[in-house]
Amino acid sequence: MNKPGNPGGPGGGVGSFGAGGVAGPTAAAAAQAAQRQRSLLQRADADIGSLLDNFSHLLKAARINDPVRNGQEAFQMEVHAARVVQAADSLLKLVSELKQSAVFSDFLSLNRSINQRIVKFGEQSQDSDKLLFNLGDEIAASLQELETHYYASPFRSLEADTEMLQHPSNGVV
């Protein structure tokens, strides 16, 4: 059984909450989360140790069948049973804290994911803007080329003449 101060137990030491080269407030939050994880693991080790110790004492006290010592042993059994209940209650509270910690620590990964998507969509927006700008330039160049061909076309002068004949009021002022 690992004692509370022993980081070699299951999940002991620094867990998955390393700073990982992240700077600023995120590094401080990661360090705080790692410290909290160590604290919770130490509490779990202490509560489990207390639960096992008191349960074993409870079983030892239950074996004695001496009528003189039965009253004293009954009191010891009640004390150890109360400590077992206290340790179990502490473990239940720890489980609740771990659930809350898991929910809130998941927000950190969600925020990272959201920030990555924001960067990705920003890059896509810039690429789309460049593409639209280039497309606008190509359309303007094509329109200019079409206008040049239209005004140089022999059909243009025919259309202008027929339009003048149809609408004499549009003539020269």
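In this predicted model, Asp-89 and Lys-93 are joined by a salt bridge, with 3.5 Å between the closest N and O atoms. Both residues belong to helix H2, where a spacing of four residues places them about one turn of the helix apart. Asp-89 has a relative accessible area of 37%, and because this value falls between the limits of 20% and 50%, the residue is classed as partly exposed.

The count of salt bridges comes to three. Glu-97 takes part in a network of salt bridges that also includes Arg-36 and Arg-43. In the pair with Arg-36, the closest N and O atoms of the two residues are 3.6 Å apart. Glu-97 sits in helix H2, spanning residues 70-152, and Arg-36 in helix H1, spanning residues 25-62, so this contact ties together parts that are 61 residues apart in sequence. In the pair with Arg-43, the side chain of Glu-97 meets that of its partner at an N to O distance of 3.0 Å. Here too distant parts of the chain are linked, since Glu-97 is in helix H2 and Arg-43 is in helix H1, 54 residues away. How accessible are the members of this network? Glu-97 is partly exposed at 22% relative accessibility. Arg-36 is partly exposed as well, at 40%, and Arg-43 joins them in that class with a relative accessible area of 29%.

Helix H2 also holds Ala-87, which offers a view of a buried position. The relative accessibility of Ala-87 is 4%, and because this is under 20%, the residue counts as buried. With residues up to four places away in sequence set aside, Ala-87 touches Asp-47, Ser-50 and Leu-51. The C-alpha atom of Ala-87 is separated by 9.6 Å from that of Ala-44, a residue 43 positions away along the chain.

Turning to the surface, a nonpolar patch is formed by Val-103, Phe-104, Phe-107, Leu-110, Ile-114 and Ile-118. Together these residues present about 590 Å² of accessible area. One of them, Ile-114, is found in helix H2 and is partly exposed, with a relative accessible area of 45%.

Aromatic contacts can be summarised briefly, as the count comes to one pair. The rings of Tyr-150 and Tyr-151 have centres 5.2 Å apart and planes at 65°, so the arrangement is edge-to-face; the cut-off for that label is an angle over 60 degrees. The two residues fall into separate accessibility classes: Tyr-150 is partly exposed at 41%, whereas Tyr-151 is exposed at 53%.

It is worth keeping the confidence of the prediction in view. The average pLDDT of the protein is 75, and 69% of the residues score at least 70. Confidence is highest in helix H2, at 87, and lowest in helix H3 (residues 154-166), where the mean is 68. Over residues 1-24 the pLDDT is below 50, although this stretch has 31 contacts in the model beyond near neighbours in sequence. Where pLDDT is low, predicted coordinates should not be read in detail.

Technical notes. Residues numbered from 1 in each chain as written. Predicted model: local features only at pLDDT ≥ 70, side-chain atom pairs only at ≥ 80, totals over all residues. Heavy atoms only, no water. Salt bridge = Lys/Arg side-chain N within 4 Å of Asp/Glu carboxyl O. Helix = DSSP H or I, 4+ residues; strand = E, 2+ residues; numbered from the N terminus. Buried < 20%, exposed > 50% of the residue type's maximum accessible area, 1.4 Å probe, protein only. Phe/Tyr/Trp six-rings, centres within 6.5 Å; stacked < 30°, edge-to-face > 60°. pLDDT = per-residue confidence, 0-100. Contact = heavy atoms within 4.5 Å. Patch = residues over 30% accessible without salt bridge, like charges linked within 9 Å, V, L, I, M, F, W, Y side chains within 5 Å. Areas by Shrake-Rupley, 256 points an atom, 1.4 Å probe, with all protein chains shown as cover.
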